[in-house]
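Biologist: I should like a close examination of one part of this model, followed outward to its surroundings. Please state the criteria as you go.

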Amino acid sequence: MPNLKERSFSVEKNNSWDEVRDLVLLLTRTNSAFKIFPPEHATVKQFLADFWERLKSFLEKNGCLDLIIGENYFEYMGEKVFEDADVAHSLPFFFFRDGLQRLSFHRGLTEKELSLFFETIREVAFRPPDEADIVSAFWEKNFENITFYAPDEFIIEKITRGRPLPEYEVNFEELYSGKIELAEEDRKAIEDWQLKTESQEDSEKEKTIFLEESLADLKEEEWRMIESIIHSHRELPQDEELGRLSLEILYLEDRFDHLPSFKASLHEAHKALLKNGKLAKAAAFIRDLTSLNKIFASWQPQKSAVIESFLAEIEQDNYFALIKEIYFSSSGSLRKEDWLDYFLAIGRPGLIFLASLYQNSPQTTISSLDEIAKPILEKWAEEKPEDLMKLVQESNPYWSQMIIRTLALKQGPKITTFLAGFIRSSQPLLRREALDALARLDSPTAKKIILGYFHDEDEEIRVTAAKIIKIADDSMLDHVIKIASPLRLREKKEREIVAIFEMLASTIHPKVKKYFQEIFKLPWFLKPKNKKICLLAIEILKRYPNAQNRDLLKEIMVKGRRQLKKYCQQALKEINLKEII
Amino acid sequence: MNQRISAPSTEILREIHQAGVEIIVRFNSLLKLGRLYSVKNVLFQEQLGLLYKRIKDNCQEEEATLKIREGTFFFRNVRLRFIFANYPAFKTVLQELTKREVAVISFLPELTESELETFIACLLKAEGYNQLLAGLDEAQIVHIQIEKGTERTSLTGKKEKDRATARIYFSSLLHLKDAFEAEDPHQALRLNTTRRLMQALFTHIVDNEAFVFGLTNIKNFDEYTLNHSINVCLLSIALGRRLGLDRNELIELGISAFFHDFGKIETPKEILDKPAKLEPHERAVIEKHPYHGAGTLALWREIKGIPLRAIHVAMEHHIKEDLSGYPQTFKKRPPHLFSKIVKIVDYFDAITTKRVYRPRAFTREEALSLMMDQGDKEFHPLLLRIFIQMMGFYPIGSVVALNTGEIGLVVETNPDPALTLRPKVKIIADKNGQRIDGPVVDLAEKDPISQRYLRTIVKGLDPEKYNIRPADYFMASTLA
């Protein structure tokens, strides 16, 4: 009868070996499945479940599956149970190369723990060789029911690389022979003690006073304090600490030849913050660095150069790739204020990144970018409008539109010239934006520039131009009348004609009156377009019933062609009726 | 079909953890009481009743197992994390079970109190696993089952264990020396190896802590900075373990302590070893080593994955608790926990080491006393107290005069805080002062008749005054 108190191996070896062979084969296959597929894949789950079932039953029966690891084999109770000489795929070799010599699965193992075991192997297998160490990984996991053994010799060999270990010499003769003559005070202390044996306890009590102060158990609140210190240090955000330390090191470093390499540390710290979506912290990091730069400028220009070079490098492509990734993967989870803060902190690169985000964003998400861009652009428009003007790109219309919109809030000849440039833009969006902006400027030049838009290829823009233009002088009027010549009108659609007529009908000027008189002279016969133009003119004059237009309508009613009379009469009737009402 | 069982809630896990910790603590009390009194003693019975109740509560439906894996306790599949207040109990129970190669104890639902009492009595009597098994068999205990540990190797002999520990110690020295002396440290630093080394050191600390502490008495071997760094690394890991840091944290703490003085590579040797008081400009050079070290480690971080905490420690290990010290940057802020730990250990090892500029080193107990006197300005007061608790009133390696006239070397502290003054000592000189290869005696041992302690420490002695090199005694056991 097996001993009740001990759960140990009680298997019959021969039967067990076959079972273990199958089990180990399944172990390696499950491991392969973990390497090929992600852990949640059905194949992996199936392999794991099968292996787990078999292993569980084996462990229930035997307590432990204890495998010895050879270079390319697993051994169980002195017998090879698996062999794979292909070092690229061999699981035993994978273990062996890191010095693992023994691997044991114990009763109590759970499927979760087993899955973690395979995931750990997978994780290590995909690491670069320099960083891969299965023993370290197992050790750190601290499995409950999987144990392993890797001898110290492996690590010692890695360190010594054939060299002897430093030798510590002990002179045994000196150690165990000769005499120690105690000094007077020490000898006396012992003698005094021996004489006053009764007071031994008192002496211990004296020491206990010290002990109470220094060695006494910590009180509960003191434990809690320690636990809270540990906890708070566990919570310390590594990225923020890295940033802070980098600045401190830079502040103190006096090995100037190290500085160029140290720039890489600054980038690492900065990128770490960005990768973790800590834009406000990244902004603070840049601001601190900028403040340090001011301190260093006259004191340690070498450091200043490093900071400036670092800041300049932020504009580089690899940063943009990172920014883009964060922006698009965060899907709005990051606060707009933080983006704003960050882009403001990094200065010009912020504008470049924003421009690129505009270029890469689908139209539907542009409005959220606008919220970030607006204050930044306003700041730049205030401080360096010229820089902003240079950033307009035909190929990035939404971004350029924001720049135009922002700059339009400012007045001045430079802005007018800037806006004038868009008259030839290939992007209708930009031409329209510039047109709107020009209309808002309190400048005669701007108004004249708008005239140019009457020739725009886009009807919409031309209509807008006609609607917004304010005729300031005769020359402008002449220009408009020229554009509105019957010949040209015939090429235009109704809404543009309406817009032009509205603009003219609201302008009181003999030239306008004359213009309409000429319009009403247009022959209708076989010219339906002319008829339409004339009728539109009457309609528009009716809408703007100023004295000039009334006179004109009356004049046509009296002197005009027969076909026109009734329309003018009707129009005047409606005007009168409106007035009566 | 395999049935998946949903994971227990955090609340349940916490309860199991609490029960596990209490079981260890009560188990420890019973082992202590069992050595002093009969199992029928009232105190023993009181503790037994409490332990029995706790176990029964946890094995009502199915067996409850207490496991030891790689120096860690698991109770009902929950890893038990000790806090330093329970450390002595954890340490003692771990030692007692490991000594007898017991890896698993399963308590079955039908367990009776009398079985538990007999089990503890058998455990106290048994020297090894087989003896315990035979005892349990004889007493017909059926509701407590044990399993033998399989994960440990054959390093069971003390001498063999010590030798292995010493080999790792000197390997660490060589590894650090490689990093310090390499023309191109980028090539020399093999952090994977360093991590593995830290794991090995941790394992030796768990298995053989007293000897590891003994080895930290090795001073000025080869280069001071290297030797010092290894000692600081070992004691820092041990202190971190007392604080309940997890494995990864301990590895990072070890690496941080290992490289804490890395900046001294840049400090000219003539300044480091100047046998006189340093001039202000020389002191300024010395005081650069924290940020030189931090700067170099920061450069390595990207290439080699140096933990951030190592940079903290290199930078801050001379910053005092009141934020004075060096280096001072543009902003005062409290140092990292790891820096506070390393600062304590660094200070202790430094002042207990003889240097050209410090002809007389402090004895280990003097050092602790001095550190206590520094007050809260220099060290974190609670961390310092835990360090002192860890080292004991007479730290391992202290030379002591006994009331018998013998001279002893402290080789193991007493895990019971009440018996801190009664460590285990190796007798190195008899009552006539004759140097001998004496036995290791437990100062907690009492005369069975008079109930008086057999030996008591009268005072600590300065080893240097008597040409005693404590480290030699520890190393002797590995060389003989």
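Biologist: In what order do the five strands of the open sheet in chain B lie, and is their pairing parallel or antiparallel?

Modeller: The order is 9-8-7-6-10, and the pairing is antiparallel. This is a predicted model, in which local features need pLDDT of at least 70 and side-chain atom pairs count only at pLDDT 80 or more, while totals for chains, interfaces and linings use all residues. Residues are numbered from 1 along each chain as its sequence is written, chains are lettered from A and ligands numbered from 1 in the order in which they are written, and side-chain values use heavy atoms, without hydrogens and water.

At the edges of the sheet lie strand 9 (440-442) and strand 10 (457-461) of chain B, each paired on one side only; strands are DSSP runs (E, at least two residues), as helices are (H or I, at least four), numbered from the N terminus, and pairing requires at least two DSSP bridges. From one strand to the next, the twist averages 40°. Within the sheet, strand 7 (residues 407-412) and strand 8 (residues 424-429) of chain B are joined in the antiparallel sense over five bridges. For Val410(B), the bridge partner in strand 8 of chain B is Val425(B).

Chain A also reaches this sheet: its helix 8 (residues 184-195) packs there, touching strand 6 (399-402) and strand 10 of chain B, where contact means heavy atoms within 4.5 Å. The direction of helix 8 makes about 170° with that of strand 10 of chain B; axes are lines fitted to C-alpha atoms, for helices over the stretch in contact, and angles run from 0 to 180 degrees between N-to-C directions.

The wider contact involves 111 residues of chain A and 131 residues of chain B. Between the two chains, about 11200 Å² is buried, 56% of it from carbon and sulfur atoms; buried area is the accessible area (1.4 Å probe) lost by both parts, summed, on being put together. There are 15 salt bridges between chain A and chain B, a salt bridge being a side-chain nitrogen of Lys or Arg within 4 Å of a carboxyl oxygen of Asp or Glu. One of them joins Glu140(A) to Arg195(B), at 3.5 Å from N to O. On the side of chain A that touches chain B, helix 11 (residues 238-252) of chain A gives the largest share, ten residues. By class, that side has 49 nonpolar residues (Ala, Val, Leu, Ile, Met, Phe, Trp, Tyr, Cys and Pro), 42 charged (Asp, Glu, Lys and Arg) and 20 polar (the others, Gly among them).
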